[in-house]
Amino acid sequence: MEQWVAIKENIKQWVREVGKEQLVKMEQPFQMKSKSSDIDLVTEVDEWSEQFLMEKIKAEYPDHAIMTEESGWHEGQAEYEWVIDPIDGTVNFAHRFPFFCISIGVKHKGETVIGVVYAPRLDEMYEAIKGSGATLNGRTITVSATEQLNKAVVATGFPYDKGTDPNNNVENFNAIITKIGGIRRTGSAAIDLCQVAAGRFDAYWEIKLKEWDICAGLLIVEEAKGNTFSAEIEKGYQVLVGTPAIYDELSTILSWEK
Ligand code: IPD
Ligand code: CA
Ligand code: CA
């Protein structure tokens with residue numbers, strides 16, 4: 001546990017450094033290319049951020065394994081595994097829209113024990129350690145007290161292949177939109193998860209997510225006393241999180257296998 005706290009302090013320092021640089025780089029021209037589809041982007045700032053973090057981790061914890069969005073799996077001998085999204089919300093970053101973040105989860109013996117999500121433009125630091133609660137900028141957060149689905153504000157997102165694969169979340173969206181109070185789409189899964197943890201959104205669901213999108217955020221929601229479900233199926237993870245009173249109803253509407 002002491003070791004987890006020490007690791008988390010290092011992460012916070014590193015993401016602040018990366019975030020500061022992202023804000024500077026965002027104001028300058030940067031290179032960009034597309035990945036799985038024309039709208040799935042990677043910028044040179046994603047790559048720079050990832051390299052910066054990898055160098056810090058390798059210097060401090062040379063035997064830890066690391067999984068990153070842009071460079072994949074890096075083998076390690078220890079029982080620790082880092083899961084990193086250097087910019088979650090790359091499309092937002094590329095459009096200079098402030099909802100983007102750095103998301104870092106650390107697993108110990110296969111279980112996520114540390115989660116840090118830092119949104120530099122909002123200057124919001126979300127953090128959690130397994131069993132110790134969740135905080136936003138140092139203050140404890142918990143999920144909302146909303147009890148009725150028709151008053152709930154719910155977030156979701158749509159996959160990059162939405163135009164070519166009919167499994168694109170539109171059916172789920174149509175089933176849910178008429179039953180809830182409001183819908184939000186921030187463009188960053190990690191920020192969505194943290195908004196549920198902070199009680200600002202009442203629930204969030206999405207499909208085809210990758211482990212680096214959700215590793216840190218799911219722990220932060222759990223530690224904020226939210227309900228969470230995630231299952232890896234074809235093309236990624238299905239995720240539903242929410243405040244307990246409305247979670248079951250949404251789960252029934254989505255009718256995902258449990
Ligand atoms: C994306 C964001 C987005 C979600 C996509 C993710 P990226 O991550 O989290 O909100 O809808 O599924 O891939 O590409 O910005 O790191
Ligand atoms: Ca992502
Ligand atoms: Ca990313």
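1. A polar contact is a pair of N or O atoms within 3.5 Å, and this cut-off is what the first points below rely on. The structure discussed here is a predicted model, and the note concerns the surroundings of ligand 1.

2. With that cut-off in mind, Arg185 deserves a look, as an N or O atom in its side chain is placed 3.0 Å from an oxygen atom of ligand 1. On its own, ligand 1 has 380 Å² of accessible area, and the protein covers 95% of this.

3. Two aspartates also approach the ligand through polar side-chain atoms: that of Asp88 lies 2.7 Å from an oxygen atom of ligand 1, while for Asp85 the corresponding distance to an oxygen atom of the ligand is 3.3 Å.

4. There are 15 residues around ligand 1, and those that come nearest are Asp88, Gly89, Thr90, Tyr160 and Glu206. By character, the shell consists of six charged, five nonpolar and four polar residues.

5. As for where the shell comes from, strands E5 (80–88) and E13 (203–209) each contribute at least two of its residues, and E5 gives the most, namely three. Both domain 1 (2–141) and domain 2 (149–254) take part, each providing at least three residues of the shell.

6. Finally, a reader wishing to locate the ligand in the model should turn to the largest pocket, where ligand 1 sits.

How values were computed. Residues are numbered from 1 along each chain as its sequence is written. Chains are lettered from A and ligands numbered from 1 in the order in which they are written. This is a predicted model: local features need pLDDT of at least 70, side-chain atom pairs count only at pLDDT 80 or more; totals for chains, interfaces and linings use all residues. Side-chain values use heavy atoms; hydrogens and water are left out. A residue is near a molecule or strand if one of its heavy atoms lies within 4 Å of it. A polar contact is a pair of N or O atoms within 3.5 Å; within protein, one must be able to donate a hydrogen and the other to accept it, and residues adjacent in sequence count only if both atoms are side-chain atoms. Accessible areas come from the Shrake-Rupley method with a 1.4 Å probe; for residues, only the protein chains shown count as cover. On a 1 Å grid over the protein atoms alone, a cavity is a set of points where a 1.4 Å probe fits but cannot get out, and a pocket is an open set with protein on both sides within 12 Å along at least five of seven lines; lining residues have an atom within 4 Å of a point. A molecule sits in a cavity or pocket if more than half of its atoms lie within 2 Å of its grid points. Helices (H or I, at least four residues) and strands (E, at least two) are DSSP runs, numbered from the N terminus. Ala, Val, Leu, Ile, Met, Phe, Trp, Tyr, Cys and Pro count as nonpolar, Asp, Glu, Lys and Arg as charged, and the others, Gly among them, as polar. Domain bounds come from an automatic or database domain assignment.
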